[in-house]
Amino acid sequence: MQLGAPSPSPPAAQRAPTFQAHVSADARELLGALLPRRPTVRLVQQAHARLTVLGLAAARVLPHLLAVLPRIPHTNSPHDGASYSLALFQRSSSTSTFASNQLLRVLPHPLPISLFPRLPRRNPHSFTFLLCSISNHLDATGPAGSACSFLGSHVHALAVKAGAGDDLYVRNALVHFYAVCGDVGAMRRVFDEPPRVRDVVSWNAVLAGYVRASMVTAAREMFDEIPVRDEVSWSTLVGGYVKEGELEVALGVFREMVEQGLRPNEAAVVTALSAAAQLGLLDHGRFVHGVVQSTGLSVSVNVGAALVDMYAKCGCVAFAREVFDGMKRKDVFAWNAMICGLAAHGLGMDAVGLFQLFVTEGLCPTNVTFVGVLNACSRSGLVAEGRRYFKLMVEKYSIQPEMEHYGCMVDLLGRAGLVHEAIELIQGMHITPDPVLWGTILSSCKTHGLLDLGVTVGCKLIESEPAHDGHYVLLANIYAKAKKWDEVRKVRKLMSSRGTSKSAGWSLMEAQGNVHKFLVGDTDHKDSVQIYEILDMINKRLAEAGYVPDVSSVLHDIGDEEKVHAIKVHSERLAIAYGFMVVEAGSPIRIVKNLRVCGDCHEFSKMVTVIFDREIIVRDGSRFHHMKHGKCSCLDYW
């Protein structure tokens, strides 16, 4: 630089932003110019400081600063910012009702209760905000906060005494309060009592109250009575059916909502995706995703995570990864959904690799993250890696193992034949072992032919959970594998005497917009005759190729010919035959089962993929089986 030359101007990015406003400018305009759409407490304080420096922090502006604070989520303690809020109130036009109400909105419970009697001015909205404060506390604490129900009733009495009982907003707040309390009778009395001041929020509040109380039938009746329904009405009903496990009904309501021309909100989309994921029905999930795309709904973090979860649980892990990689922002839920999805599909190394990327991104894993990682190690036989991650979880991230983590480790060790090490792990647990862990040991004993240990564990499980059919079945399977038919009969007799029966197996398949359900030996399907004709054709082709049925899973002491017939009509075989009818060549046949697929059906399905060059994807009660060219993603261990 030459001596005397003018100094260069600083880069534009380093200059302080200019801000000009007249002293009489509108308070909202001032804050709109200073605050982003998603402010934080720190940004509000910075805006306050800027206004003060410019001489614009008049008393009339401060209540509007106060009004911004309720929109900011609390990241640490719920009392964060409370002292700042009180300071703003004291320095503002504290005699204004607007300032008083904004303070009631922002202060955490129970401060609004203690402050309310000392407020200089109140109006009906004051009661609304006070009731909302109590309701939010009850919603967060559940039964532990039931003492607040008396306070809410007291506020109700004060509102009536002050002449605010007929105000629409107060009544809506009261309906919501009694709904959160679980007092459906009081909720309905406020809604019905004259004068019947109502709007769509009133109807939706009662609808949500019924859903919260698990009264989905009453919720449906209320929904049908609503004069004008909005997207909240529909999403609440969808959520109610999902909550009660009526998943197909929930998806039907969502579809009806779309057909009536309503644009679903994020809550409805996420709930519908959850229903499709739980059912494992890809076409339903794709329909919801299509609605998201056609309506231009933003793929938020929540929607993105729900899409990842849906595609993974519907057998399309590649689509799940595509959605995941395309997300602009990912939270820990999205990462967990992808890691757990890869694990469920037997892609252990991919799941472990994604976990390493997760850590590299600077995110902190949760207990669910490690469930996914340990499950990935278990599914892929990564014993050394599983031990290392189990240790890392405790020592580095201070996450105490829960039942799910122990379950993954017991499964990992059991699969590897390290059954005694798995038992030592169970015996050294800091929490009481769940019978499921011992059930995993029992399954490992069956796989590895550990008859004596299996009998010991099986008998203990039957005594501890006499109503659990799975324990009897596994123990009988162990005896059957050893051809100890007298012992099989004893187990079945004991099972029968205790009124326990084996759960009926079923298989689901989506086709042509409908869900088709098949039971063992099912003849109720409208195309039953053609299904059995195709199944006979499949059986003949497989027999010609050398397939011999494995009847070891049939527990009855009957002839082999009868056992072969019993296996031939298993539900997944009927579903595969129907898939030949309705699924075009080149597309996978997708099946969802409620129980673990039996060994012979697993072998049968693999051979079908070779002889007929078809891909079969089965989601059973344990995992996914991607079968192609005679091989399965589970590596024949599930």
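Which residue in β3 is the bridge partner of S507? It is K593. Let me start from that pair and work outward. One reminder before I do: this is a predicted model.

Strand β3 covers residues 589–593. Four of those five residues are buried, so β3 is largely enclosed by the rest of the structure. Now its neighbours. On one pairing we have β1, residues 506–511. β1 and β3 run antiparallel, over two bridges. The S507 and K593 bridge belongs to this part of the story. The other pairing is with β4, residues 616–619. Here the strands are parallel, and four bridges join them. Take R590 as an example: its bridge partner in β4 is I617. Between β3 and β4 the chain passes through helix α32, residues 599–611. That β-α-β crossover is right-handed.

Stay with the loop between α32 and β4 for a moment, since D613 sits there. Phi of D613 is near 55 degrees, which is positive, and D613 is not a glycine. Most residues other than glycine have a negative phi. D613 has a relative accessibility of 54%; exposed means over 50%, so D613 counts as exposed.

S398 also has a positive phi, near 55 degrees, and again the residue is not glycine. You will find S398 in the loop between α22, residues 383–395, and α23, residues 403–415. S398 is exposed too, with a relative accessible area of 60%.

Next, cavities. How many cavities of 30 Å³ or more does a search of the whole structure find? Three. The largest has a volume of about 50 Å³. And it brings us back to the strands. R590, I591 and V592 are among its lining residues, and so are I617 and R619. The lining also includes G280, L282, K313, C314, G315 and F624. The elements giving two or more residues to this lining are β3 and β4. β3 gives the most, with three residues. By class, the lining has six nonpolar, two polar and three charged residues.

The second largest cavity has a volume of about 40 Å³. Its lining is R171, N172, V175, V190, F191, V197 and S202. Helices α9, residues 168–181, and α10, residues 184–192, each give two or more residues to it. The largest share comes from α9, with three residues. The lining divides into four nonpolar, two polar and one charged.

α10 leads us to another local feature. In the loop between α10 and α11, residues 200–212, we meet P195. The peptide bond from P194 to P195 is cis, with omega near -10 degrees. Most peptide bonds are trans.

Two more helices to finish. Helix α21 covers residues 367–380, 14 residues in total. From its first C-alpha to its last it reaches 20 Å, close to the 20 Å expected at 1.5 Å a residue. Is α21 largely enclosed or largely open? Ten of its 14 residues are buried, so α21 is largely enclosed by the rest of the structure. Among the buried ones are F370, V373, L374 and C377, along with N375 and R379.

Last, M257, in helix α14, residues 247–259. M257 is buried, with a relative accessible area of 0%. Its C-alpha lies 9.9 Å from that of S233, and the two residues are 24 apart along the chain.

Terms used:
Residues numbered from 1 in each chain as written. Predicted model: local features only at pLDDT ≥ 70, side-chain atom pairs only at ≥ 80, totals over all residues. Heavy atoms only, no water. Buried < 20%, exposed > 50% of the residue type's maximum accessible area, 1.4 Å probe, protein only. Pairing = 2+ DSSP bridges. Right-handed = clockwise from strand over helix to strand, strands pointing away. 1 Å grid on protein atoms, 1.4 Å probe; cavity = no way out; pocket = protein on both sides within 12 Å on 5 of 7 lines; lining within 4 Å. Points joined across faces, edges and corners; volume = space filled by probe spheres on them. Nonpolar A, V, L, I, M, F, W, Y, C, P; charged D, E, K, R; others polar. Expected span 1.5 Å × (residues − 1).
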